[in-house]
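Subject: Handing over the structure

Hi,

Here is the structure I promised to pass on. Have a look at it first, and my notes follow below.

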There are 2 protein chains.
Amino acid sequence: MDVLNLMRRHGIQPTPQRLAVAEHVLSARAHLTADRVWERVRRKCPTVSRATVYNTLNLLVKKGLLRTQILKEGTVVFDSHVEAHHHFVDVQTGRIYDIPWNAIRVSGHAALRGFDVREYQVILRGRRRAK
Amino acid sequence: MDVLNLMRRHGIQPTPQRLAVAEHVLSARAHLTADRVWERVRRKCPTVSRATVYNTLNLLVKKGLLRTQILKEGTVVFDSHVEAHHHFVDVQTGRIYDIPWNAIRVSGHAALRGFDVREYQVILRGRRRAK
DNA sequence: TGGCGGAATAGACTATGTCTAAAACACGAC
DNA sequence: GTCGTGTTTTAGACATAGTCTATTCCGCCA
């Protein structure tokens with residue numbers, strides 16, 4: 001995937017630091033926290049500052065390349081899967097799994113009086129099974 | 001409601017501090033953060049320490065009188081409504097509303113291969129209407 | 001070469017939450 | 001009553017997440 005062009009097409013001025021962050025976070029299949037991204041990007045590019053990582057992640061969110069999800073205590077995680085979907089959280093490991101939108105059906109949300117629902121998702125918690 | 005007996009029945013040694021915390025958080029219809037509880041309890045009982053409020057809230061959770069919910073960035077909120085239900089978050093005000101379990105139906109979660117789902121809820125985001 | 005504007009940097013700052021060591025307290029044995 | 005043991009409370013240190021600010025850096029254009 002050509003992250004450089006992806007960035008340009010979304011109106012993001014590419015810089016080496018931004019590219020390093022974007023490449024890491026967009027290719028990660030896990031749901032990373034900002035500091036975890038910083039940790040990893042620094043391995044390739046040890047001079048990158050924490051502020052730049054935070055700024056870049058927030059920029060990627062604003063430009064629609066990334067979404068934030070509130071699934072863990074105390075921290076936001078970044079999800080490169082930007083289309084609507086659900087989440088499963090393993091209560092032991094903390095690991096987060098994407099659940100395809102069509103795997104679960106929700107009904108009744110449209111009939112709620114007094115609430116203008118713009119988006120929703122199901123959050124499931126439990127244990128991942130061997131298979 | 002007799003919070004004192006409620007605590008005793010749940011195996012919590014009552015103390016003045018614990019009682020003050022429990023009375024506040026159990027009667028609140030809003031979803032409070034720990035520091036918000038501290039703030040309020042201190043108005044009645046100015047010597048209570050932050051650690052005690054945190055300890056008490058965690059104890060109430062452990063004993064099943066309270067639940068934590070992960071709905072806002074950066075902080076946990078405490079919910080005195082311990083039975084299963086869903087949540088609506090107003091994206092402007094940040095206010096959280098409980099949605100009764102029966103108002104929304106979810107299907108398909110039992111058929112997920114490889115996931116042992118212990119609990120789930122729907123999180124809705126949007127705007128509360130005047131109504 | 002000089003200047004301009006955006007980006008990156010270090011570090012300060014705030015907030016949430018946990019932990020630790022010491023003091024306070026409750027309660028039973030004597 | 002006094003002592004000793006347990007548990008609770010307390011203040012403050014610590015850890016982590018996240019934002020902000022002031023300065024430096026860098027690319028680009030005249």
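**What I found around the DNA**

Let's start with DNA strand C: the element that gives the most to the surface near this strand is α4(B), with 4 residues. Here "near" is used for a residue with a heavy atom within 4 Å of the molecule or strand, and helices (H or I, at least four residues) and strands (E, at least two) are DSSP runs, numbered from the N terminus.

Before going on, some housekeeping. This is a predicted model, in which local features need pLDDT of at least 70 and side-chain atom pairs count only at pLDDT 80 or more, while totals for chains, interfaces and linings use all residues. Residues are numbered from 1 along each chain as its sequence is written, chains are lettered from A and ligands numbered from 1 in the order in which they are written, and side-chain values use heavy atoms, with hydrogens and water left out.

Back to strand C. It has 18 residues around it, and those that come nearest are Thr15(A), Thr47(A), Thr52(A), Arg50(B) and Val76(B). Of the strand C atoms that come within 4 Å of the protein, 76% are accounted for by sugar and phosphate. At least two residues of this surface come from each of α2 (16–27) and α4 of chain A, and α3 (34–44), α4 and β2 (75–79) of chain B. By class, the surface has 6 nonpolar, 9 polar and 3 charged residues (Ala, Val, Leu, Ile, Met, Phe, Trp, Tyr, Cys and Pro count as nonpolar, Asp, Glu, Lys and Arg as charged, and the others, Gly among them, as polar).

If you zoom in on the phosphates of strand C, a polar side-chain atom of Thr52(A) lies 3.0 Å from a phosphate oxygen. For Arg18(A), an N or O atom of the side chain is 3.3 Å from a phosphate oxygen, and the side chain of Thr75(B) also has an N or O atom 3.3 Å from one.

Now for DNA strand D. It is surrounded by 17 residues, and the closest are Asp35(A), Arg50(A), Val76(A), Thr15(B) and Thr52(B). These 17 divide into 5 nonpolar, 9 polar and 3 charged. Here α4(A) gives the most, with 4 residues. A phosphate oxygen of strand D is 3.0 Å from a side-chain N or O atom of Asp35(A), and the side chain of Thr52(B) has an N or O atom 3.0 Å from a phosphate oxygen too. Ser49(B) uses its backbone instead, with a polar atom 3.1 Å from a phosphate oxygen of strand D.

**How the two chains fit together**

Chain A superposes on chain B (least squares on the C-alpha atoms of residues with pLDDT of at least 70 in both) by a rotation of 180° with 0.0 Å of shift along its axis, at an RMSD of 0.1 Å. The two copies are thus related as by a two-fold rotation axis.

There is also an open sheet of 6 strands with mixed pairing, in the order β4(A)-β3(A)-β6(A)-β6(B)-β3(B)-β4(B) (two strands pair if DSSP finds at least two bridges between them). At its edges stand β4 (96–99) of chain A and β4 (96–99) of chain B, each with a single partner strand, so one side of each is left without a neighbour in the sheet. Strands β6 (residues 115–128) of chains A and B run antiparallel and are joined by 13 bridges. One to look up is Val122(A), whose bridge partner in β6(B) is Val122(B).

Cheers

Definitions and conventions. A polar contact is a pair of N or O atoms within 3.5 Å; within protein, one must be able to donate a hydrogen and the other to accept it, and residues adjacent in sequence count only if both atoms are side-chain atoms.
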